[in-house]
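Visitor: Please take me through this model, and tell me for each term what it rests on.

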Amino acid sequence: MKNRSGCLLLLFWLLVIGRAGAIPPAGDDGYRLWLKYDRITDDALRQSYARAAGFIALSGDGPMLQTAAGELQTGLQGLLGKAVPRIGGAGNRTGGIVLAVTAGEPGLQPEGYRLSTRNGNLVVTGKTDAGVLYGAFALLRRIQTGQSLETISETSNPKVRFRMLNHWDNVDGSVERGYAGSSLWKWYELPERIDPRYRDYARANASLGINATVVNNVNASARFMTEEYLRKVAALAQVFRPYGIRVYLSVYFAAPKTLGGLKTSDPLDPQVRQWWADKVKEIYRIIPDFGGFLVKANSEGEPGPQDYGRTHADGANMLAEALKPYDGVVIWRAFVYKADPKGDRFKAAYDEFTPLDGQFDPKVIVQVKNGPIDFQPREPFSPLFGNMPRTPLGMEFQLTQEYLGFATHLVYEAPIFRECLESDTYVAGKGSTVAKVVDGSLHGYAMTAMAGVANTGSHRNWTGHPLAQANWYAFGRLAWDHTLTAEAIAGEWVRMTLTREPQAVKRIVNLLLRSREIYVDYNTPLGLSRPWTGVHFAPEPWQNRSSRPDWTAVYYHRADSVGLGFDRTATGSRALEQYRPEVRRTWENPETCPLPFLLWFHHVPWTKQLSSGRTLWNELCTRFYAGADSVRWMQREWAQVKAAVDPDTHADVAGRLLTQEREAIWWRDAWVLYLQTFSKQPIPTPFRKPERTLEEVKRSVDVYLLR
Ligand code: GCV
């Protein structure tokens, strides 16, 4: 009897529990990004869309037009749960979507689109096939986010011409500062095997309007200039082409010497110039729509024209000359700084580049990082913006979270991008925002660019942290239209990617919007900075030894017995002089300098009373503690949306938020205990002393940094 009931129990377990266990719960691996196209569950809404999208009519057979129609079919099939046929012309039919390329359409730029209703149909108009493609994705976005199609009337033109991702991907498959696995590009398989993922990458980018990709690291290998690698790159270009994406390459400036066997790579040497002219010819033979070159030169050990006593303009112009017969461009980075113990790295790019204004070939864009030092959690805008009126300046943002907690910290970056773009340079009076410099409207540049250092990798969900997809998304949307708000973009992304349940959308958007300030609070409050050498993850504010002073932590925060922060006023490095008086005035007085930038520009005594009413020391402690505590708030908020979000995604983010809490406390403890050795002040109430000693934190960082 006992045995029999045991057998029955086993049978029951096998049939019921075992079976249930064998069937995985509905799980989303994040691969589909914001292009999920899950069936709309609201019947009335779905039917209203179905009535408006009965067919897709297109005349023309260009590859991008075909892509547009195909994407609409795929999207609508998923969203409406039924196939939508593609037909040649609409004729007298109504209730469908018409894709129309109309060269003379007023108000549209070449890649712009218009969504309208005409003769009972939804019409997606572009001047070019690319415009229609972007319009098709915009229409899908409207449906994905639950907007009405009844009174649709939208005209949209990209504000910037080159909307590009910069991949810091290496020949060996690694990604510099990549935290989502290895490179997407499988160089050893290319050009023969085409990973299906390449197409999905192109789809995601095209859905945002990204039209350019630099596939290799700016710390470039000359191998990318060999025929072998150009053929691999050509295979990628072929996949990307129907999505309107052109391929660019980072250049190793010394390639004429190392690859070409020349005695020099001097940009004024005739043989070197010929080498590049021949190389460019070869590239265009293999990749006819090649976009151009991205160059990091004379920076962090990379070779460049200064190795031969030439200027950045000499180097850039040589490449521009080689590209002259083609429509490719040169994107020359302004990220340069020398190991000058007396200097201020803040000033380096401005000092080197502004004297060259007006000397660059019209095919050159100078690409500037948003801040003067690197991609830290908060930097003032680079003073180069606005100060090179005769040179097109492109923006370089970083999507990969080099200084933002890699893939375990939630930091929504749109507020960082917006903060910089909205900054007023005052170069041509009030309202001369960085955005107007970058979109060319301030100085009349037609060559405009916005680049994002990609956060993609081989991780199944592309970005490691599921919510970091929002940073890729936000970059693309802002590169198209920098006037979109961080909140609006977050709302779109959440609805397309995570949930459409209104309360959950509200909570997640709020979580995203607050995430950057929370991170800043426990990581670098009040304008602290931390670009010390190494992995850029572990806290090591005590780090004071390196091959060069500007690769130590103490160089940046300058903590001493008096106070904290880098004096960049007239009594210090004078970096503030690189800004217009109106900007300078906001920052140069420590009494009125906004707290987020205080320690960027001032060495402030520990006991100084700040505008918050607290002393510097107390304010710092308040921020470090509040920031770390807020991660628990993030966890609670995330727990509240559990029912509305896919279970796998929810669990993944919940786990990462636990790690984030632990690491936020690590950061807090490291800073507080280390700075306390200078401030000699107690940790103010109500905060509790860290549970570990400074020596223990240091030891934990040493262990973290062990190879
Ligand atoms: C690609 C920072 C990063 C480097 C990066 C460099 C750059 O210094 O730490 O990894 O190199 O910026 O932007 O060139």
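Guide: Two strands count as paired if DSSP finds at least two bridges between them, a strand being a DSSP run of E with at least two residues and a helix one of H or I with at least four, each numbered from the N terminus. This is a predicted model, in which local features need pLDDT of at least 70 and side-chain atom pairs 80 or more, while totals for chains, interfaces and linings use all residues. Residues are numbered from 1 along each chain as its sequence is written, and side-chain values use heavy atoms, without hydrogens and water.

Visitor: What makes E7 and E14 a pair?

Guide: Strand E7 (residues 162–166) and strand E14 (residues 449–453) run parallel and are joined by five bridges; since at least two are asked for, they are paired. Within this pairing, Arg163 stands opposite Met450 of E14. The pair belongs to a closed barrel of eight strands, E7-E8-E9-E10-E11-E12-E13-E14, with parallel pairing, and the twist from one strand to the next averages 25 degrees.

Visitor: How do you know which strands helix H9 packs on, and at what angle to E11?

Guide: Contact means heavy atoms within 4.5 Å, and by that test H9 (residues 312–323) touches E10 (292–295), E11 (329–333) and E12 (364–369). Angles run from 0 to 180 degrees between the N-to-C directions of lines fitted to C-alpha atoms, for helices over the stretch in contact, and H9 makes about 160 degrees with E11. Helix H11 (residues 414–422) lies across E13 (393–398) and E14, at about 155 degrees to E13.

Visitor: Why is the approach of Lys296 to the ligand called a polar contact?

Guide: A polar contact is a pair of N or O atoms within 3.5 Å; a side-chain N or O atom of Lys296 is 2.6 Å from a ligand oxygen, so the pair qualifies. For Arg177 the corresponding distance is 2.8 Å, and a polar side-chain atom of Glu402 lies 2.5 Å from a ligand oxygen. Taken alone the ligand exposes 340 Å², of which the protein buries 97%, the areas coming from the Shrake-Rupley method with a 1.4 Å probe.

Visitor: What makes Tyr37 and Pro191 worth a second look?

Guide: Most residues other than glycine have a negative phi, and most peptide bonds are trans. Tyr37, in the loop between H1 (2–22) and H2 (43–52), has a positive phi of about 55 degrees although it is not a glycine. The peptide bond from Leu190 to Pro191 is cis, with omega near 5 degrees, and Pro191 lies in the loop between E7 and H5 (196–208).

Conventions:
Polar contact = N/O pair within 3.5 Å; in protein donor to acceptor, adjacent residues only side chain to side chain.
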